[in-house]
Amino acid sequence: MHTVAVLALDRVIPFDLSTPIEVFTRTRLPDGRPGYRIRVCAEHPEIDAGAFTLRAPWGLDGLRDADTVIVPGTAAAEPLSPAVREALRTAAGNGTRIASICSGTFPLAATGLLDGLRATTHWTAAKALARAHPEVDVDPDVLYVDNGRILTSAGAAAGLDLCLHMIRRDYGSAVAAHAARLSVMPLEREGGQAQFILHDYPPVPRGSTFEPLLAWLRENLARDLSLADIAAHAGMSTRTLIRRFREQTGSTPLQWLHRARVRQAQHLLETTEHSVERIAAQVGFGSPTAFRDRFKRTTGVSPHAYRRTFG
């Protein structure tokens with residue numbers, strides 16, 4: 001039987017901790033036998049889990065012969081203890097599969113096991129992960145990343161997606177589909193984490209000379225604006241506009257405009273029953289096809305799929 005060790009660090013997030021326990025415990029093979037044996041492990045006998053205190057039945061020795069080790073997220077970024085770091089690195093060296101859920105990517109990255117690999121975490125923490133661990137290739141748009149023996153997932157419900165993916169790898173699609181039904185989850189969700197990210201306007205320093213221009217752009221999203229139109233309104237050449245705009249916003253004028261249009265489209269999809277064609281016109285895309293392509297490139301899903309989720 002496949003042994004899964006769930007490592008409970010101090011300030012562990014209960015949802016992230018319970019996700020693999022529930023999903024793997026419910027997994028049954030075609031003959032009815034359980035597919036997994038679960039261990040909850042911790043460095044110390046008692047763990048602070050926020051609303052309650054957890055007593056872990058296994059210590060770090062429970063990781064030694066496990067087939068999979070899962071690192072759930074934590075509510076606070078605590079320094080990784082040398083004992084936990086060594087236990088995870090030893091498990092990885094022995095060929096154990098190691099996966100993190102949500103902010104569990106941070107302690108996993110602290111071991112060095114993610115160096116040079118692509119990884120993800122909760123979208124709100126992706127920039128912090130990239131800053132703290134520049135040697136990790138952080139992808140904020142996906143639900144999970146599978147590097148073979150090292151896997152990471154985005155936040156909250158994405159832990160379910162990762163667990164179901166591992167079940168499919170271990171026992172095939174039929175067993176994984178049954179586990180998905182018991183979890184009331186699709187085996188594969190449409191799109192990635194990008195659809196949950198709020199694509200707000202890039203911040204502009206207070207008092208920036210471009211504040212009036214950005215306000216004008218927001219008020220004129222429906223217009224067919226070219227770079228020349230924007231430069232003319234700003235009273236400068238296109239070359240000067242691009243250079244100064246990037247200095248103050250970190251983006252180009254047209255990139256900023258596309259992002260603003262997608263954000264406004266998200267708002268309209270969430271709050272109105274307007275057709276996709278009407279929304280495309282309201283936010284300044286020349287055609288519904290161009291709108292659908294840009295929207296899916298930005299959010300990872302179609303406008304219709306986005307509305308089904310958030311409308």
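Which residues in helix 10 meet Phe 291, Arg 294, Phe 295, Thr 298 and Thr 299 in helix 12? Keep that one in mind while we get our bearings, starting with the whole protein.

What you're looking at is a predicted model. The protein has 311 residues, and 46% of them count as buried. Put a box around the C-alpha atoms, lined up with the principal axes, and you get roughly 70 × 40 × 35 Å. Inside that box there are 13 helices and 10 strands. The protein is divided into two parts: domain 1 covers 2–183, and domain 2 covers 210–310. From the C-alpha centre of domain 1 to that of domain 2 is 38 Å. As for how the chain meets itself, take the contacts with a separation of 6 or more: 63% of these come from residues 24 or more positions apart.

Now let's look at the sheet. It's an open one with 6 strands, and if you walk across it you'll pass them in the order 2-1-5-6-10-9, with mixed pairing. The edges belong to strand 2 (36–41) and strand 9 (144–146), each of which pairs on one side only. On average, neighbouring strands here are turned by 15° against each other, ignoring direction.

Partway across, find strand 5 (residues 68–71) and strand 6 (residues 97–100). These two pair in the parallel sense, over 4 bridges. If you want a spot to check by eye, Val 71 stands opposite Ser 100 in strand 6.

Next comes a helix that touches this sheet. Helix 5 (residues 158–171) lies across strand 1 (2–7), strand 2, strand 5, strand 6, strand 9 and strand 10 (150–153). Compared with strand 10, helix 5 runs at about 150°.

Two loops are worth a stop here. Most residues other than glycine have a negative phi. Cys 102 goes the other way: its phi is positive, about 55°, although it is not a glycine. You'll find Cys 102 in the loop between strand 6 and helix 3 (105–110). Is Cys 102 buried or exposed? With a relative accessible area of 8%, Cys 102 is buried, because the cut-off for that is under 20%.

Ala 156 also has a positive phi, about 50° this time, and it is not a glycine either. Ala 156 sits in the loop between strand 10 and helix 5. Its relative accessible area is 35%, so Ala 156 counts as partly exposed.

Time to get back to the opening puzzle. The residues of helix 10 that meet that set in helix 12 are His 258, Val 262, Ala 265, Gln 266 and Leu 269. By class, this contact has 5 nonpolar, 4 polar and 1 charged residues. How do the two helices sit against each other? The axes of helix 10 (residues 253–271) and helix 12 (residues 288–299) come within 10 Å and cross at roughly 95°. Angles of 65 to 115 degrees count as roughly perpendicular, so that is what helix 10 is to helix 12.

One last stop is Ala 281, which is found in helix 11 (residues 276–282). Its relative accessibility is 51%, and since exposed means over 50%, Ala 281 counts as exposed. From Ala 281, look across to Val 145: the pair is 136 residues apart in sequence and 36 Å apart in space, C-alpha to C-alpha.

Definitions and conventions: Residues numbered from 1 in each chain as written. Predicted model: local features only at pLDDT ≥ 70, side-chain atom pairs only at ≥ 80, totals over all residues. Heavy atoms only, no water. Pairing = 2+ DSSP bridges. Axes fitted to C-alpha atoms, helices over the stretch in contact; angles between N-to-C directions. Contact = heavy atoms within 4.5 Å. Parallel < 35°, antiparallel > 145°, perpendicular 65-115°, else oblique. Nonpolar A, V, L, I, M, F, W, Y, C, P; charged D, E, K, R; others polar. Domains from an automatic or database assignment. Buried < 20%, exposed > 50% of the residue type's maximum accessible area, 1.4 Å probe, protein only.
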